[in-house]
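The following exercises are to be worked with the sequence and the coordinates at hand. Each task is followed by a solution in steps.

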Amino acid sequence: MAIVTKNVEVAGRRLSIETGRVAEQANGAVILRQGDSVVLSTAVMSKEPRVGVDFFPLTCDYEEKLYAVGKIPGAFMRREGRPSETAIIASRLTDRPLRPLFPDMFRLDVQVVSTVLSADQENDPTILSINGASTALTISNIPWAGPVGAVRMGFLDGALVVNPPTSRMADSDLDLVVAGTADAILMVEAGAKGVTEKTVVDALQMAHEAIKQLCAAQVELQQQIGKPKYQYTPPTYPEQVVEVVSEYLALRLDQAAFGPDKAAREAATDELRKKTIAELGARFPEHVDILGKLFDKKLKDRVRERIVEEGVRIDGRGLKDVREITVEVGVLPRTHGSGLFTRGQTQALTIATLGSMSDKQKLDGLGVEEFKRYMHHYNFPPFSVGEARPLRGPGRREIGHGALAERALLAVIPSVDEWPYTMRLVSEILSSNGSTSMASVCGSTLSLMDAGVPIKAPVAGIAMGLVTREGKFAVLTDIQGVEDNLGDMDFKVAGTKDGITALQMDIKIKGLPHEILAQALEQAREARLFVLDKMLAVLPEPRTELSPYAPRITTIHINPDKIRDIIGPGGKMIRKITEETGASIDVEDDGSVYIAAADQEAGQRAIDWIKGLTDEIEVGKIYKGKVVRIMPFGAFVEVLPNQDGLVHISKLTDHRVERVEEVANVGDEIVVKATEVDSQGRLNLSRQAAIEELTAKGEPIEEKIDKEAMAVALASPPPPPRESSFGGRDRGGRNGGGGGRPRR
């Protein structure tokens, strides 16, 4: 097969699409390259449908290979294992714009795999994955109504930017992934730092112009080397059976399917479905297998008709009404923070746990970021929807919802300098009836505030829906699960009172006009402010006191050259401090030291110990020190742990003394002033200068001098003159001199 290459310019940067070189047995395969980022995307379709499958079995996988950035995996086996959260989110981003464009009731297996072969950490492989998957499907024989293009939008220096370099995204106020066809947008995923709704709409319009270029390039490639499409004809239903089902349900469906209580609606709807199959199955035994499908179709049509034509939702609410909200905080006694958020029959309990910087998560992926200190995890147990099934680890849905809630609050999390904690939030979904991810956003805000985290602003979230019918549409606020399943859009919006912090939109129809998106964003803003008011009425601001069970973290800064003194040989010193004080200590390369301890006294002991090891004497500063040694010519005073200096006998007081013991003895605590560090690094001190300065300032002179020990020392004969280690022969302590050295 001949190698064919297509180049397209997007925002002044070249994207290369190549096919025919590799993976020739796949239905479609392309290599996309931008800069030094290279992604292989393949699409494969099974030859026969799986037996008994009543859904479209599409699988999209995003494979991160650490060789792409020159890394060896850190796992024990030294090979890639289960996908990272980043890879799972990229898989979802690839899946979501592709799925709506497959034929209705298509049942052949389709697998799309994007493998990152090289990553330059400037050109995003996730965007290449979406475009590559679309191109592989477009040139293949798989029936699909694409192509789809995707771009990432940033907002840098006050301007929107298409596909900004990854290294600049940390400075961007907007991180928006947009995918769509040449006609309309299909998928939106975003994190933001409080941008306005207008900024988002402008970004979507700019993104769509770039998407049109990408779609045009794929169409040209398809026309050049594309395979003929597999002919798929959706099954049809006999008109007579369709009419009978419609007549049978005409007077029954509204009574069963509409009502305020989810459980009652579901029970009545299930009962009506069984009766429909049983009674009409007796009349049409040869079509009994399609009666359930016709019932589901009629239910969907009726719900959509009443919403669009009558403005009546399934639970009786108006189009803009938010369900009843209740808010509780501090519901768990031993956790660091907790918030229980209930909206209708959706309920999320979020727990905040504070940890030291050593608890931050290490990321083993292709990105530049190696650690993160703020994590949000989302759990969806089966009891939340009244089901009994085995408990498993988090799936793609749980990881995706957790990432969305994490992104929603990331913009308001205080920096390390402001709040030197690692934060883990866990949202336990206790009851589900639509928009659990946005409930977990609200619960997360409450739990962080309950834990005393000084977030920059509270965040709330709301899920919007859309129903279209015969050219008309209705935008729904705060959708339930059934409105998500039967509707055309799931649009989640989170933000503060001033702007948006996260977006996620999935479309089940073939695109959405900008005008509908703008209306949905404005309607979501109104609902978000309503929810925020409910939350702030219970807890208007973060608590000023931490839980008694949360660690207290103190940050001190030392000279980076002193780090080795804290660590000690083989980590001996830091282990000793930790064992004897019970504090947790994290040392950064820039000299930042984080001391965490639930016991304030233990934390202070660790702080004092570290300061003693690292503090440097400041000439001109007054210290309170302990006399550790007496010599005829003066007293050695320890002013910092393991650091002492000499107070010459002439500097002990403002009058002449014959013996040091007339003023102080070993063990006494006296005030001294650091007067000099000489050329040999020896420290000279003066008690006289310290007393004079304190007296002039009117400050107390706090000393502890043992008078009884002084009297005993003065009663004994003075020692004979001796050779001084700091100079010539000392005569009564008056001729020797020199300062002390730090003791290690």
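Two strands are taken to pair if DSSP finds at least two bridges between them. The model examined here is a predicted one.

**Exercise 1. Determine how S7 and S8 are connected, and describe the faces of S8.**

Step 1. Strand S7 covers residues 149–156 and is joined to S8 by four bridges, the two running antiparallel. This satisfies the requirement of at least two bridges.

Step 2. S7 and S8 form a hairpin with two residues between them. Asp-157, in the turn, has a positive phi of about 55 degrees.

Step 3. Within the pairing, Gly-154 stands opposite Val-161 in S8.

Step 4. In a regular strand the side chains alternate between the two faces of the sheet. Strand S8 (residues 159–162) shows such alternation: Leu-160 and Val-162 point to one face and are buried, whereas Ala-159 and Val-161 point to the other and are not.

**Exercise 2. Establish the strand order of the open sheet of six strands and identify its edge strands.**

Step 1. The order is S1-S2-S3-S4-S6-S5, and the pairing is mixed.

Step 2. Strand S1 (4–10) and strand S5 (58–64) each pair on one side only, and they are the edge strands.

Step 3. Neighbouring strands of this sheet are turned by 20 degrees against each other on average, direction ignored.

Step 4. Seven bridges link S1 to strand S2 (residues 13–19) in the antiparallel sense. Here Lys-6 stands opposite Ile-17 in S2.

Step 5. Helix H3 (residues 197–225) packs on the sheet and touches S1 and S2; the direction of H3 makes about 165 degrees with that of S1.

**Exercise 3. Describe the closed barrel and the helix that lies across S25.**

Step 1. Five strands run S25-S26-S27-S29-S28 in the closed barrel, with mixed pairing. The twist averages 55 degrees from one strand to the next.

Step 2. Strand S25 (residues 622–631) pairs with strand S26 (residues 634–640) in the antiparallel sense, over five bridges. Ile-630 stands opposite Ala-635 in S26.

Step 3. Helix H15 (residues 687–697) lies across S25, strand S27 (643–648), strand S28 (669–677) and strand S29 (683–686). With S28, H15 makes an angle of about 105 degrees.

**Exercise 4. Test the length of H2 against the expected span, then characterise its surroundings.**

Step 1. Helix H2 (residues 125–139) has 15 residues, which at 1.5 Å a residue should span 21 Å. The end C-alpha atoms of H2 are 21 Å apart, in agreement with that value.

Step 2. Of the 15 residues of H2, 15 are buried, so H2 is largely enclosed by the rest of the structure.

Step 3. At the start of H2, a side-chain oxygen of Asp-124 comes within 3.0 Å of the backbone nitrogen of Thr-126.

Step 4. Ala-90 lies in helix H1 (residues 85–98) and touches Tyr-62 and Thr-126, residues up to four places away in sequence not being counted. The C-alpha atoms of Ala-90 and Pro-125 are separated by 8.9 Å, although these positions lie 35 residues apart in chain numbering. Ala-90 is buried, with a relative accessible area of 2%.

**Exercise 5. Decide whether Cys-60 is buried or exposed, and state how many disulfides the structure holds.**

Step 1. The structure holds zero disulfides. For Cys-60, the nearest cysteine sulfur is that of Cys-215, 16 Å away. A disulfide requires the sulfur atoms to be within 2.5 Å, so Cys-60 is in none.

Step 2. Cys-60 has a relative accessible area of 1% and is buried. Cys-442 is buried as well, with a value of 0%.

How values were computed
Residues numbered from 1 in each chain as written. Predicted model: local features only at pLDDT ≥ 70, side-chain atom pairs only at ≥ 80, totals over all residues. Heavy atoms only, no water. Axes fitted to C-alpha atoms, helices over the stretch in contact; angles between N-to-C directions. Contact = heavy atoms within 4.5 Å. Expected span 1.5 Å × (residues − 1). Buried < 20%, exposed > 50% of the residue type's maximum accessible area, 1.4 Å probe, protein only. Polar contact = N/O pair within 3.5 Å; in protein donor to acceptor, adjacent residues only side chain to side chain.
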